[in-house]
Amino acid sequence: MANEEDDPVVQEIDVYLAKSLAEKLYLFQYPVRPASMTYDDIPHLSAKIKPKQQKVELEMAIDTLNPNYCRSKGEQIALNVDGACTDESSTYSSKLMDKQTFCSSQSTSNTARYAAALYRQGELHLTPLHGILQLRPSFSYLDKADAKHREREAANEAGDSSQDEAEEDVKQITVRFSRPESEQARQRRVQSYEFLQKKHAEEPWVHLHYYGLRDSRSEHERQYLLCQGSSGVENTELVKSPSEYLMMLMPPSPEEEKDKPVAPSNVLSMAQLRTLPLADQIKILMKNVKVMPFANLMSLLGPSIDSVAVLRGIQKVAMLVQGNWVVKSDILYPKDSSSPHSGVPAEVLCRGRDFVMWKFTQSRWVVRKEVAAVTKLCTEDVKDFLEHMAVVRVNKGWEFILPSDGDFIKKHPDVVQRQHMLWTGIQAKLEKVYNLVKEGLPKKPDGQSGSAALLSGDQRVQAAKSKAQQNHALLERELQRRKEQMRVSAVLPGVRIKEEPMSEGEDEEDQDAEEDEEPMDTSLGGGLHNRLANGLPSGRAAGGDSFNGHPLPGCASTPVARELRAFVEATFQRQFVLTLSELKRLFNLHLASLPPGHTLFSGISDRMLQDTVLAAGCKQILVPFPPQTAASPDEQKVFALWESGDMSDQHRQVLLEIFSKNYRVRRNMIQSRLTQECGEDLSKQEVDKVLKDCCVSYGGMWYLKGTVQS
C-alpha cells in the first residue's frame with residue numbers, strides 16, 4: 001500500500017488496435033545519419049520490391065555539393081564503373097557518383113511482438129508490423145567496375161597475341177544423354193541452395209512510387225494507423241465484457257465442453273450469437289438476413305448495445321439502399337469462391353450484384369432481363385441476386401422487398417451522405433466496366449419510389465432535343481439581358497441594374513436549370529470550361545460578376561463559396577500541382593472529416609469546384625497526354641498554383657510551361673531550360689526543390705504529379 005501511494009496513477013490512456021494496415025505495414029531501418037537530416041529531405045530517385053521475398057531496393061541521391069563530399073573520388077568511381085563514354089545504360093549519367101543504392105535484409109523473422117504506435121488526442125493506436133527490414137548500402141557498382149577492368153585486360157591480351165596462330169586441333173566430343181530424374185532427385189534439387197537462389201533471381205522487380213512525409217497520399221495512408229472504430233467495433237481483442245474476461249481467466253474444462261449438446265454447423269442460437277464480438281454478431285445477422293432495417297437490427301442485438309457502435313459496425317458489412325441495410329456482395333461471395341450455377345468467379349458476381357443494388361438505389365423496380373443484358377450473367381445468378389433483396393410482381397418486375405425507411409434517413413443525414421459518396425464511386429466503376437451511358441440511367445433521390453421506365457432510342461433523342469431547345473431559349477434571354485445591361489452601363493457609367501426575372505415562368509425555368517446541375521461526381525463534365533481560356537472568360541476571373549446566371553465562387557458571396565475557397569487555397573498551398581480527380585478525392589476526405597450539417601454538405605458540383613480553383617489564382621495546365629493514355633478525363637485536367645509568394649515562383653512557372661508542351665521530360669532538359677529562362681545557374685538543391693514541388697520521377701523521366709501512367 002505504501003508503494004502504491006508513492007507512485008499514483010497520473011493518467012489513464014485508452015489503447016486501440018488498428019487493423020487496416022496489419023498485413024501491409026513494414027518498418028525500414030536506415031543507416032545512422034545526422035539528426036539534422038531526415039530521409040524525407042533526401043530525394044528518392046527510385047524504389048522497387050520483390051513481394052514474395054520481402055526484398056526492397058531504394059536509390060537515393062547523394063548531396064554532391066556537401067563540403068564533406070570528395071568530388072575527385074566520385075569522378076574516379078564513375079569512370080571505373082561506366083568508362084569514358086556514357087549513354088542511357090550508364091550507372092552514373094552525370095559522370096559523378098551522385099546516387100547510392102540500399103538493399104534490404106530481414107532483421108527478424110518473428111514480428112508478432114512488434115507494433116507501430118500513434119498517440120493522438122489521449123488515445124494510443126497500435127498497428128501490428130508485417131515485417132522489419134534493415135537497409136544497408138549496396139556495393140554492386142564495385143562488381144561492375146571489376147567486370148569492366150577484366151574486360152579491358154582481356155582485350156589487351158587478345159591484342160598482344162599473334163593473329164596467325166595455327167588453328168586448334170580437332171577434338172573428339174562425347175555426347176551423353178541424361179537419365180530420367182527420379183522423384184527423390186527432383187526433391188533434392190528443388191530444396192538445394194542453387195535452385196532457391198535461381199528462383200529468387202527469377203522473381204521480377206515491382207517498381208514503386210515514393211511519396212514524401214507531407215504528400216497528400218502519405219497523409220491519407222497515415223489515417224489508417226488510427227483505429228476506425230474507436231468505440232470498440234474493431235477493438236474486440238482489447239475490450240472484453242466481464243463474462244468474456246472471466247472465461248479467459250477460468251476456461252471451462254474439456255469434460256464440460258463434451259457434455260454440451262452439439263448444434264448443426266449452420267445453426268447458431270441467439271444465446272451463442274451474443275457471446276460473439278459485436279462486429280461478428282452484425283456480420284452473421286446480415287449474412288443470414290440479407291436485408292434489414294436498422295431498428296430491427298438493434299432489437300436483435302439487445303437493448304444494452306450502443307447504437308453508435310452498431311452504426312459504425314453495420315457500415316463495414318452492408319450498404320444503405322432506400323434507408324435499409326443490404327449486406328455487401330463480398331460478404332456473400334468471398335474471394336476465391338465461384339458461382340454454383342455457372343462457375344463465374346466471385347469478382348464478377350460481386351460486380352453484378354452491386355449493379356442490382358445500385359439500381360434499387362435509383363428505383364423501387366428492377367427488370368431482370370435488363371440486369372442480365374448488362375451484366376452478361378446467367379439467369380440463375382441474376383435470380384439469386386434479386387431474391388436476396390426483392391420480390392417478383394407479375395407483369396411488373398422485381399420490387400424492393402422492404403419499404404423505404406424515411407425515419408432512418410431523416411435521423412442520420414451524415415450516414416446517408418457518406419453512403420451516397422460510396423454509391424457515387426461504385427456508380428463510376430460500374431459505368432466504366434459495363435460501358436453504361438449516364439444519360440440512359442436517370443438518378444433519383446434515395447428512398448424515392450416510382451415505376452421503372454425503359455426509354456427507347458427515339459424517346460431519348462426527343463427528350464434531348466426538347467432540353468436543348470429550352471436551354472437555347474434561356475441562353476437567348478440571358479444574352480439579351482446582358483446586352484441591355486451593357487448598353488445602359490455605356491450611357492450611365494457607374495449605374496448597375498438589378499437583374500430580376502421577367503416573368504414567373506422565366507423564374508421557374510431558371511430555377512429548373514439550376515436544379516439540373518448535379519453534385520460533384522466522377523463523371524464527364526465541364527465541356528464549356530475546356531473551351532474557355534484557362535477555364536474562365538477573359539476579364540471575369542478577377543471580378544465579382546456572374547457567369548451564366550451563377551455567381552462565381554471567387555466573389556465569396558455565400559458561406560459555401562467561402563468555405564470552398566478556403567479549402568482550395570489551403571490544399572494548393574500544400575501541393576502546387578493537382579489533377580481534378582485527386583482534388584475531388586481530397587475534397588471527399590475533407591467532407592468525411594467535417595461534422596454533420598456543415599455547409600459544404602449542400603452539394604458542390606464539378607463546375608463550381610473548377611471555378612473556385614481558377615479564382616484562387618491557379619491555372620489549368622494543358623498537358624499533352626499520349627493518344628493511348630488510360631487516364632480518365634478528370635485525371636487529364638491538371639491545375640497548378642501559379643504564384644505562392646516564395647522565391648521559387650518563377651522557376652515553377654518555367655517548369656509548368658515546359659509540361660504544357662511535353663508529357664514527360666528528362667532532368668537535363670529541365671535544368672537547361674531553367675538556366676536559360678532565369679539567366680543564372682541554379683544549384684542542384686534549387687532544381688530538386690522545384691521538381692519535388694511539381695513532379696514525380698518514374699523510369700528515368702519526370703512527369704507532372706498525377707499524370708504518370710505506370
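These questions and answers set values from a predicted model against the definitions behind them.

Residues are numbered from 1 along each chain as its sequence is written. In this predicted model, local features need pLDDT of at least 70, side-chain atom pairs count only at pLDDT 80 or more, and totals for chains, interfaces and linings use all residues, while side-chain values use heavy atoms, with hydrogens and water left out.

Q: What makes E399 and R393 a salt bridge?
A: A salt bridge needs a side-chain nitrogen of Lys or Arg within 4 Å of a carboxyl oxygen of Asp or Glu. The closest N and O atoms of E399 and R393 are 3.0 Å apart. That value is within 4 Å, so the pair counts.

Q: Why is E399 called buried?
A: Buried means under 20% relative accessible area, exposed means over 50%, and partly exposed lies in between (1.4 Å probe, protein chains only). E399 has 17% relative accessibility, so E399 counts as buried.

Q: Why is R393 called partly exposed?
A: R393 has a relative accessible area of 39%. This lies between the two cut-offs, so R393 is partly exposed.

Q: What makes D634 and K584 a salt bridge?
A: Their closest N and O atoms are 2.6 Å apart. That is within the 4 Å limit, so the name fits. The pair links distant parts of the chain, 50 residues apart. D634 is in the loop between β19 (618-621) and β20 (638-641), and K584 is in helix α23 (residues 580-593). Helices (H or I, at least four residues) and strands (E, at least two) are DSSP runs, numbered from the N terminus. Both D634 and K584 are buried.

Q: How do you know that K684 and D688 meet in a salt bridge?
A: The N to O distance is 3.2 Å. This is within 4 Å, so the pair passes. Both residues lie in helix α27 (residues 684-694), four residues apart, about one turn of the helix.

Q: Are K684 and D688 buried or partly exposed?
A: K684 is partly exposed, because its relative accessible area is 23%. D688 has 15%, so D688 counts as buried. Salt bridges that share partners also join D649, R652, K689 and D693 into one network.

Q: How many salt bridges does the whole structure hold?
A: A search finds 18.

Q: Why is P31 called partly exposed?
A: P31 has 26% relative accessibility, so P31 counts as partly exposed. P31 sits in the loop between β2 (26-29) and β3 (44-50). The C-alpha atoms of P31 and P137 are separated by 8.3 Å, though these residues are 106 apart along the chain.

Q: What makes β21 and β22 a pair?
A: Two strands pair if DSSP finds at least two bridges between them. Four bridges join β21 (residues 695-698) to β22, and the strands run antiparallel. Four meets the requirement of at least two, so they pair. C695 stands opposite L704 in β22. The two strands form a hairpin with two residues between them, and G699 in the turn has a positive phi of about 65°.

Q: How do you know that both faces of strand β22 are covered?
A: M701 and Y703 on one side of β22 (residues 701-704) are buried. W702 and L704 on the other side are buried too. In a regular strand the side chains alternate between the two faces of the sheet.

Q: How many helices and strands does the protein chain have, and what share of its residues is buried?
A: The chain has 27 helices and 22 strands. Buried residues make up 34% of its 710 residues.
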